[in-house]
Amino acid sequence: MDGNGIISVQRQAPAGTGSPRAFWSRRFVAQGLLTIAAAAPVLARAGIAPPTAPSIKSPPDSGAGKAANAGRGPPQDAGSGAVRSASETDDRLTTAVYINGQGPFRFLVDTGAERTLLAAEIAAQLALPQGRPVLIEGITGDRPGMLVEIETLRMGSLVCPPLEVPVLPRKMLTVDGYLGLDVLDRRRVILDFRAGTLSVTRPQGFFAALFERGDEAVVHTLGSSGRLRASNCLVNGVRAAAFVDTGAQVSVLNPALFAALQKQHRQLLRGPVGLYGVTGGVVTGVAVNIDDIRMDQLRLTYTPMVVAPLQVFDVWGLSGEPALLFGMDCLRRFARVSIDYRRKELRFELASTLLPQPLQAGLPPPLVG
């Protein structure tokens, strides 16, 4: 392997062309993501197995946390699926959000989170009414928090109805807030890496959705309440469920998928990786390279991922079956990614003209019959 990955879109020409060249593939050569975000030496031994239950370290409970857990304790709230690695750089895409007519505030979109999150400092600044205490369920652990009431939340021309959202200190979120599935469901999220923009819009209309660009792969998904997953994903030939988690800075596969891959072929492990959640704590996973991932028209090769039993797989009901999540490290290999929750489809635009990013177009136009 020369370290280069290939991203390709495969299409079938209309029936009846009769040409042996009717099936074509546009391939775009990409510089492989050789180093996943990790502060650890490489192990580079095929015989080393990943930890079956990686250690999870959480900060000690504060007095407020102990009080919140006393007695029956507060209800559980599926807060944020956000996860980051130790060496993450802050080049994340944010969108402008207005709360009760004030702002703009900078929010990340977290497609792996059930609920929207708000920085406690913003809630105090806006004097938002407080609600009941909750346990905020993060990707690496839980943390006691408080709900606040938002009368209106606006993104561009889209206005959400009244919301109750949990709050966390801004130093944990590192932004003003996260938009979760309670806001994103039945809308469309567009991550334009070429332009460096993130937008939340109305879903595509029927006729607009019929149009497919030549450099665009469309992946159809299943699911409800915003939990969209591709069930026709093949990872080195192993069938797995796949979903996009824009709150995750690295891509992760669960132990069930790794075990299935190990039965087929021993995977070359690359070393431990620390994953950090916004609720605190760290999960230690193991880095691995995946040779081939296929979803509908889309094919990815040489994709670095991390093996870890993250809570987000439990929340999505996928801990017991082979599954993986595509984080921002993988999404950035494309020029543009859109998630249409009403139409239940993902669109990946290949980075054929993205400069000076490492993805470059390398082949001539497709053959025609």
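These questions and answers look at salt bridges in a predicted model.

Residues are numbered from 1 along each chain as its sequence is written. Local features need pLDDT of at least 70, side-chain atom pairs count only at pLDDT 80 or more, totals for chains, interfaces and linings use all residues, and side-chain values use heavy atoms, with hydrogens and water left out.

Student: How many salt bridges does the count come to?
Tutor: Side chains of opposite charge can pair when their charged atoms come close. A salt bridge here is a side-chain nitrogen of Lys or Arg within 4 Å of a carboxyl oxygen of Asp or Glu. By that rule, the count is 10.

Student: Which residue meets Glu114 in a salt bridge, and is that partner buried, exposed or partly exposed?
Tutor: The N to O distance in this pair is 3.0 Å. The two residues sit in separate loops, 113 residues apart. Buried means under 20% relative accessible area, exposed over 50%, and partly exposed in between (1.4 Å probe, protein chains only). The partner has 28% relative accessibility, so the answer is Arg227, partly exposed.

Student: Which strand holds the Arg132 that pairs with Glu164?
Tutor: The closest N and O atoms of Glu164 and Arg132 are 3.2 Å apart. Strands are DSSP runs (E, at least two residues), numbered from the N terminus. Glu164 lies in strand S13, while Arg132 lies in strand S9.

Student: Which residues share a network with Arg347?
Tutor: Arg347 forms a salt bridge with Glu216, at 2.9 Å between the closest N and O atoms. Arg347 is buried at 4%, and Glu216 is buried at 6%. Salt bridges with shared partners join Arg347 into one network with Glu216 and Glu345.

Note on methods:
Helices (H or I, at least four residues) and strands (E, at least two) are DSSP runs, numbered from the N terminus.
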